[in-house]
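Colleague: I have a model open and would like to learn how to read its features one by one. Could you take me through it?

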There are 2 protein chains.
Amino acid sequence: MNFEEFKNCGLRRSLNILSGKWKPLILQNLFEEDRVRFVELWRNMPRVSKKVLAEQLKQLEKDLIIERTEVHNFPPEVYYKLTERGQKLGPILSELHSWGNGLA
Amino acid sequence: MNFEEFKNCGLRRSLNILSGKWKPLILQNLFEEDRVRFVELWRNMPRVSKKVLAEQLKQLEKDLIIERTEVHNFPPEVYYKLTERGQKLGPILSELHSWGNGLA
């Protein structure tokens, strides 16, 4: 395998996208509810700053796994939800979750 | 979710184990062949030092995903193969691989 093939390897790409301290938890929250407000998401996480959470969300958004919507209420609200691509991860992540739980 | 629950979350644990620049490639090699020699593995990777490869293998060994066997030939040979736990990852990683390939 040369470096070009390595860069394009699907497994490597998937794991790159999913690697990030808070990403598993963000995704779990989004699989549980249709759409989640930023502030709710933040409250559901233990010990994470808003700045760090926002960065992880931005990465997932860039990778087209989640979608950000701004609702122009007063005060304005920011929602996140899974894209179609993100939703396809559901069954795979649920298997990974069970596998991880079986390790204890 | 409190911090204790977060630490024990199965998905978080699985992704932690799988996160590492060369781990996807190591696992792919081990799924393709029953057992692989260290030197073969190293030749199949692009641009990685033996030191770094050995570290990633050590982590996977510590997480009980792979098994190291030393054969006392002359010169001695070191083999790696998947454990039963590691083999269970096969179908999951193959789905992740397809998902990752579909992103292009």
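Modeller: Let's go through a helix, the chain contact, the salt bridges, the cysteines and some backbone oddities.

Modeller: First, the ground rules: this is a predicted model, where local features need pLDDT of at least 70, side-chain atom pairs count only at pLDDT 80 or more, and totals for chains, interfaces and linings use all residues. Residues are numbered from 1 along each chain as its sequence is written, chains are lettered from A and ligands numbered from 1 in the order in which they are written, and side-chain values use heavy atoms, with hydrogens and water left out.

Colleague: Which residues of α7(A) are buried, and what do they pack against?

Modeller: An α-helix has 3.6 residues a turn, so residues three or four places apart point the same way. Helices here are DSSP runs (H or I, at least four residues) and strands are runs of E (at least two), numbered from the N terminus. Helix α7 of chain A covers residues 90-101 and reaches 16 Å from first C-alpha to last, close to the 16 Å expected (1.5 Å times one less than its number of residues). Its buried residues are A:Gly90, A:Ile92, A:Leu93, A:Leu96, A:Trp99 and A:Gly100; buried means under 20% relative accessible area, exposed over 50%, partly exposed in between (1.4 Å probe, protein chains only). Those residues pack against α2, α3 and α6 of chain A, and also against α2, α6 and α7 of chain B. Contact here means heavy atoms within 4.5 Å.

Colleague: How many residues does each chain bring to the contact?

Modeller: The size of an interface is often given as the accessible area lost when the parts come together. Chain A and chain B each bring 37 residues, and the area buried between them is about 3700 Å², with carbon and sulfur atoms giving 73%. That area is what two parts lose on being put together (1.4 Å probe), summed over both. On the chain A side, α1, α2, α3 and α7 each supply at least two of the residues touching chain B.

Colleague: And how many salt bridges are there over all chains?

Modeller: Side chains of opposite charge can pair when their charged atoms come close. The rule is a side-chain nitrogen of Lys or Arg within 4 Å of a carboxyl oxygen of Asp or Glu. The search finds six over all chains, with zero between chain A and chain B. One of them joins B:Arg37 and B:Glu77 at 3.8 Å. That pair links strand β1 to strand β3 of chain B, 40 residues apart. Another pairs B:Lys51 with B:Glu55 at 3.4 Å; they are four residues apart in helix α5 of chain B, so about one helical turn separates them. B:Lys51 is exposed at 61%, while B:Glu55 is partly exposed at 41%.

Colleague: How many disulfides does the structure hold?

Modeller: A disulfide is a covalent bond between the sulfur atoms of two cysteines. The cut-off is 2.5 Å between the sulfurs, and the structure holds zero over all chains. A:Cys9 is buried at 6%, and B:Cys9 is buried at 6% too.

Colleague: Which peptide bonds are cis, and where is phi positive?

Modeller: Most residues other than glycine have a negative phi, and most peptide bonds are trans. A cis bond joins A:Phe74 and A:Pro75, with omega about -5 degrees, and A:Pro75 sits in the loop between β2 and β3 of chain A. In chain B, the bond from B:Phe74 to B:Pro75 is cis, with omega near -5 degrees. A:Arg47 has phi near 50 degrees, lies in the loop between α4 and α5 of chain A and is exposed at 66%. A:Leu64 has phi of about 60 degrees; this residue lies between α5 and β2 of chain A.
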